[in-house]
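Reader: Could you take me through how this protein is put together, beginning with its interior and then turning to its domains?

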Amino acid sequence: MRALALLLAVGLAGVGAPLRYEMALSLSPDGLLQGEATVSGTAPADWTELVFRLYPAALDPSYLRLTGARTGDQELPWTSPDPTTVAVSHPVPAGGTFSVTLEFSGQVPSFAQGKGYGTFARSASAVVLAQAYPILAPWNGSWTVRPALPWGDSTVAEVADYSVGLVVPPGWTVVATGREEELAPRAYRVVGENLREFAWVVLRGYAVQTASACEVEVRSYFPPDRASGGAAALEVTRDALRAYTEVLGPHPFPELDLVAVPLRGAAGVEYPGLILAGEGYYGRYSQDPLFFPMIFAHELAHQWWYAEVGADQVGEPWVDEALTTYTSGLYFERAGRLPEVLQYWEAGYAAGRSRNPEARITSPLSAFPGGAGYGGIVYSGGALFLHAVRGRMGDEAFFRALRRFRAEFRWRIAPGKALLALLREESPAALEDLFETWLGP
Ligand SMILES: [Zn+2]
């Protein structure tokens with residue numbers, strides 16, 4: 001059905017083939033990653049080059065580097081202005097299709113010796129491989145290439161269809177964005193449509209619990225000694241799924257994996273259909289009655305705001321983080337705990353502003369050096385802003401605006417001004433004073 005619709009679209013309107021990644025990736029027991037990716041699609045304008053990002057190289061150039069580029073049998077030259085960016089020379093006329101094959105390799109560091117959050121790292125029982133391939137930069141009249149900063153999230157990407165073959169060391173299994181299928185011992189295939197990025201985790205000796213809610217299959221993976229935390233993660237996610245589905249509409253993917261892994265400097269990280277959470281929290285979840293559920297409520301909400309409705313996470317991080325944080329409040333609200341969360345956001349916003357008085361809710365990631373005040377201002381402050389807007393608009397109009405925002409920007413990258421315009425349009429009362437108070441002139 002999809003293919004037929006697409007052919008019609010190509011024939012009638014000149015709309016091209018969607019962006020697609022066909023990849024073959026292998027991981028050796030000592031953490032050597034080798035891969036080949038064929039990236040194909042349609043150029044929306046006259047291109048002289050294709051710009052790809054290698055995000056793990058921001059931490060260390062040895063983590064991921066390009067080793068070859070070609071189209072068919074023809075080798076393509078490339079330049080690399082910084083380790084995270086390669087521009088592959090390949091003229092494509094507007095409306096023309098392209099198919100470029102990239103070879104790459106990298107050394108996955110041990111979690112203990114690695115840098116960053118641990119989203120490109122290996123430990124005795126988990127190897128996390130996020131953004132572990134060249135990702136085509138979004139085109140918006142020019143290539144969107146934002147700096148890869150050591151705080152916040154760096155990835156700015158268009159959704160694409162993925163088909164990925166994976167080979168892992170003996171005794172390890174794969175959990176990934178999309179749908180995983182074990183073809184043979186050590187060999188997997190992962191397929192997914194409309195994935196904003198592809199991420200995979202390779203596990204050894206993990207336990208799994210599953211639940212189904214709102215037609216979504218949820219799987220919680222955890223080390224066997226974290227079983228009660230793994231079950232609690234599953235329960236929070238199931239309840240949050242119900243809360244969000246009721247207000248925003250169905251979860252964008254048929255399945256969702258939760259995986260406990262070592263992380264540092266982040267409690268959770270979101271990928272399409274995949275949530276990573278710091279395993280340390282699983283051991284003390286009962287002592288963390290607010291923060292533990294907040295991790296899963298937050299990362300689940302990113303499936304709507306980030307995975308489905310994309311954001312420029314570097315230029316306008318508030319768009320997905322404020323919406324996500326506010327949506328996570330719906331989980332607590334459903335359990336009669338909204339006052340607790342509002343208090344948490346208020347304390348966080350005040351602390352953030354005192355740490356970084358110059359920055360605002362709508363500031364770019366670069367305005368928060370070292371992450372100073374980032375969570376407090378953008379996440380908590382952004383959620384308080386949306387709460388004030390909801391109070392002015394009323395529930396019906398406010399949630400209608402969010403659903404419209406979702407429908408209009410599904411699988412695209414949404415600008416913040418479009419969210420504000422929709423809120424304005426749906427609001428029965430003027431919002432300008434709230435916009436000015438919270439977001440500035
Ligand atoms: Zn977030």
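**Core, helix and domains**

Author: The largest nonpolar core (buried Ala, Val, Leu, Ile, Met, Phe, Trp, Tyr and Cys residues joined through C-beta atoms within 7 Å) has 138 residues, and those with the most contacts inside it are Phe 52, Val 128, Leu 129, Val 201, Phe 296 and Ala 322. Helix 7, residues 374-393, gives the most to this core, with 10 residues; helices are DSSP runs of H or I of at least four residues, strands are runs of E of at least two, and both are numbered from the N terminus. This is a predicted model, in which local features need pLDDT of at least 70 and side-chain atom pairs count only at pLDDT 80 or more, while totals for chains, interfaces and linings use all residues. Residues are numbered from 1 along each chain as its sequence is written.

Reader: Is helix 5 largely enclosed or open?

Author: A residue is buried if 20 or more other C-beta atoms, placed from the backbone, lie within 10 Å of its own, exposed if 12 or fewer, and partly exposed in between. Because 15 of the 17 residues of helix 5 are buried, this helix is largely enclosed by the rest of the structure.

Reader: How many residues of domain 1 are in contact with domain 2?

Author: The domain bounds, which come from an automatic or database domain assignment, place domain 1 at 17-203 and domain 2 at 206-303. Their C-alpha centres lie 25 Å apart. Counting a contact when C-beta atoms, placed from the backbone, lie within 7 Å, 18 residues of domain 2 meet a domain 1 side whose number of residues is 21.

Key
Contact = placed C-beta atoms within 7 Å.
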